[in-house]
Amino acid sequence: MIKTSIRFFDNVPVRSVWDEESSRWWLCAVDIIEALSLSNSPRIYWATIKRRNPELIAICKQLKLPARDGK
């Protein structure tokens with residue numbers, strides 16, 4: 001069973017997933033970037049960071065999370 005949750009960082013919602021195996025919360029990088037940078041386009045910001053630092057692709061996993069609009 002996958003447990004998802006919304007956390008808040010400086011009043012910005014951050015999507016998260018609980019991993020039973022490692023007993024950790026995994027957070028959505030795009031949501032964290034939005035909270036920290038207040039960027040209007042956090043997805044583009046994240047894509048630029050990954051392009052400049054290709055090692056992030058190996059250590060950052062893509063999570064199955066509901067979209068902010070609930071879809």
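**View 1. The Ser39 side chain contacts the backbone at Ser41.** In this predicted model, the side chain of Ser39 reaches the backbone nitrogen of Ser41 at 3.0 Å. Ser39 sits in the loop that runs between α1 (29-37) and α2 (42-52). This loop residue is buried, with a relative accessible area of 17%. Setting aside neighbours within four places in sequence, Ser39 is in contact with Glu34 and Tyr45. Leu38 falls just after α1 and takes a positive phi of about 55 degrees.

**View 2. Helix α1 and what covers its buried residues.** Four residues of α1 are shown here: Val30, Asp31, Ile33 and Ala35 are the buried residues of this helix. What covers them includes two strands, β1 (3-9) and β2 (12-19). Helix α2 is also part of that cover.

**View 3. The largest nonpolar core.** This core has 5 residues. Its members are Cys28, Val30, Ile33, Trp46 and Leu56. Val30 and Ile33 also appear among the buried residues of α1. Cys28 is buried too, at a relative accessible area of 11%. Leu56 touches Trp46, a fellow core member. Leu56 also touches Ile49 and Lys50; residues up to four places away in sequence are not counted.

**View 4. Cys28 and Cys60 remain unpaired.** Why is there no bond between the sulfur of Cys28 and the closest cysteine sulfur? The closest one is in Cys60, and it is 11 Å away, too far for a bond. A disulfide needs the two sulfur atoms within 2.5 Å. The view from the other residue agrees: for Cys60, the closest cysteine sulfur is in Cys28, at 11 Å, again too far. The surroundings of each cysteine can be compared in this view. Cys28 is buried, with a relative accessible area of 11%, whereas Cys60 counts as partly exposed at 32% relative accessibility. A search of the whole structure finds 0 disulfides.

**View 5. Arg7 over the face of Trp25.** Which residue lies over the face of Trp25? Arg7 does, at 4.0 Å from the ring centre. Ring-to-ring pairing is a separate matter. For that, a search of the whole structure finds 1 aromatic pair.

Terms used
Residues numbered from 1 in each chain as written. Predicted model: local features only at pLDDT ≥ 70, side-chain atom pairs only at ≥ 80, totals over all residues. Heavy atoms only, no water. Core = buried A, V, L, I, M, F, W, Y, C linked by side-chain atoms within 4.5 Å. Buried < 20%, exposed > 50% of the residue type's maximum accessible area, 1.4 Å probe, protein only. Contact = heavy atoms within 4.5 Å. Phe/Tyr/Trp six-rings, centres within 6.5 Å; stacked < 30°, edge-to-face > 60°. Lys NZ or Arg CZ within 6 Å of the ring centre and 35° of its normal. Polar contact = N/O pair within 3.5 Å; in protein donor to acceptor, adjacent residues only side chain to side chain.
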